[in-house]
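Please look over the structure below before reading on. The briefing then goes through it topic by topic.

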Amino acid sequence: MFNKFRENVKSLLKRERLTYAQLATMTNFAESTIKGFMCGVNDSRRVAEKIANCLNCALQYEAGEYLLISKEEHND
């Protein structure tokens, strides 16, 4: 359900040179929460929404999968 979202987040973090620790600080979640979500231990929509928002993106559900999309793309 969140596999493509996780892939998109990992790519974006790599491109922006951000770590899970930095993402945790941005989202106000514990680093363990971010790592757990990114490793698939939990599928929390609340965590996904907060990650998307902090990365200036939107969470979109399409064909049974959550996607991370740019806010510009989301508004079209």
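In this predicted model, strands E1 and E2 form a hairpin with two residues between them. One residue of the turn, Ala 63, has a positive phi of about 55°. The points below begin with this hairpin, go on to the aromatic residues and the helices, and end with the chain as a whole.

**The hairpin**

- Strand E1 covers residues 57–62 and strand E2 covers residues 65–70.
- The two strands pair in the antiparallel sense, over six bridges.
- Tyr 61 has Tyr 66 in E2 as its bridge partner.
- Leu 59 stands opposite Leu 68, which is also in E2.
- E2 is mostly covered, with five of its six residues buried.
- In a regular strand, side chains alternate between the two faces of the sheet.

**Aromatic pairs**

- A pair of aromatic rings is described by two values, the distance of the centres and the angle of the planes.
- The count of aromatic pairs comes to five.
- In one of them, the ring centres of Phe 2 and Phe 5 are 6.2 Å apart and the planes stand at 80°, so this pair is edge-to-face. The cut-off behind this is that planes over 60 degrees apart count as edge-to-face.
- Phe 2 and Phe 5 are both buried.
- Phe 5 also forms an edge-to-face pair with Phe 37, at 5.9 Å centre to centre and with 80° between the planes.
- Which parts of the chain does the pair of Phe 5 and Phe 37 tie together? Phe 5 lies in helix H1 (residues 3–16) and Phe 37 in helix H3 (residues 31–38), so the pair links parts that are 32 residues apart in sequence.
- Phe 37 is buried, as is Phe 5.
- One aromatic cluster is formed by Phe 2, Phe 5, Phe 37, Tyr 61 and Tyr 66. Tyr 61 and Tyr 66 are the bridge partners named under the hairpin.
- Arg 6 lies over the face of Phe 37, at 4.7 Å from the ring centre.

**Phe 5 in helix H1**

- Why does Phe 5 count as buried? Its relative accessibility is 0%, and buried means under 20%.
- Leaving out residues up to four places away in sequence, Phe 5 touches Phe 37, Ala 48, Ile 51, Ala 52, Leu 59, Glu 65, Tyr 66, Leu 67 and Leu 68.
- Phe 5 and Met 38 are 33 residues apart along the chain, and their C-alpha atoms are separated by 9.2 Å.

**Helices H2 and H3**

- Thr 27 is found in helix H2, which covers residues 20–27.
- Is Thr 27 buried or exposed? Thr 27 has a relative accessible area of 1%, so this residue is buried.
- Among residues more than four places away in sequence, Thr 27 touches Ile 34, Lys 50, Ile 51 and Cys 54.
- In H3, the residues Ile 34, Gly 36, Phe 37 and Met 38 are buried.
- The buried residues of H3 pack against H1, H2 and helix H4 (45–54).
- Gly 40, just after H3, takes a positive phi of about 90°.

**The nonpolar core**

- The largest nonpolar core has 20 residues.
- Which of these residues touch the most other members? They are Phe 5, Val 9, Phe 37, Ile 51, Leu 55 and Leu 68.
- At least two residues of this core come from each of H1, H2, H3, H4, E1 and E2.

**The chain as a whole**

- The chain has five helices and two strands.
- Along the sequence, they follow the pattern α-α-α-α-β-β-α.
- The radius of gyration of the chain is 11 Å, close to the 11 Å that the globule rule gives for 76 residues, so the chain is as compact as a globular protein of that length.
- The C-alpha trace spans about 35 × 25 × 20 Å along its principal axes.
- Of the 76 residues in the chain, 36% are buried.
- Among contacts with a separation of 6 or more, 46% are between residues 24 or more positions apart.

Technical notes
Residues numbered from 1 in each chain as written. Predicted model: local features only at pLDDT ≥ 70, side-chain atom pairs only at ≥ 80, totals over all residues. Heavy atoms only, no water. Pairing = 2+ DSSP bridges. Helix = DSSP H or I, 4+ residues; strand = E, 2+ residues; numbered from the N terminus. Phe/Tyr/Trp six-rings, centres within 6.5 Å; stacked < 30°, edge-to-face > 60°. Buried < 20%, exposed > 50% of the residue type's maximum accessible area, 1.4 Å probe, protein only. Lys NZ or Arg CZ within 6 Å of the ring centre and 35° of its normal. Contact = heavy atoms within 4.5 Å. Core = buried A, V, L, I, M, F, W, Y, C linked by side-chain atoms within 4.5 Å. Rg over C-alpha atoms; globule rule 2.2 N^0.38 Å.
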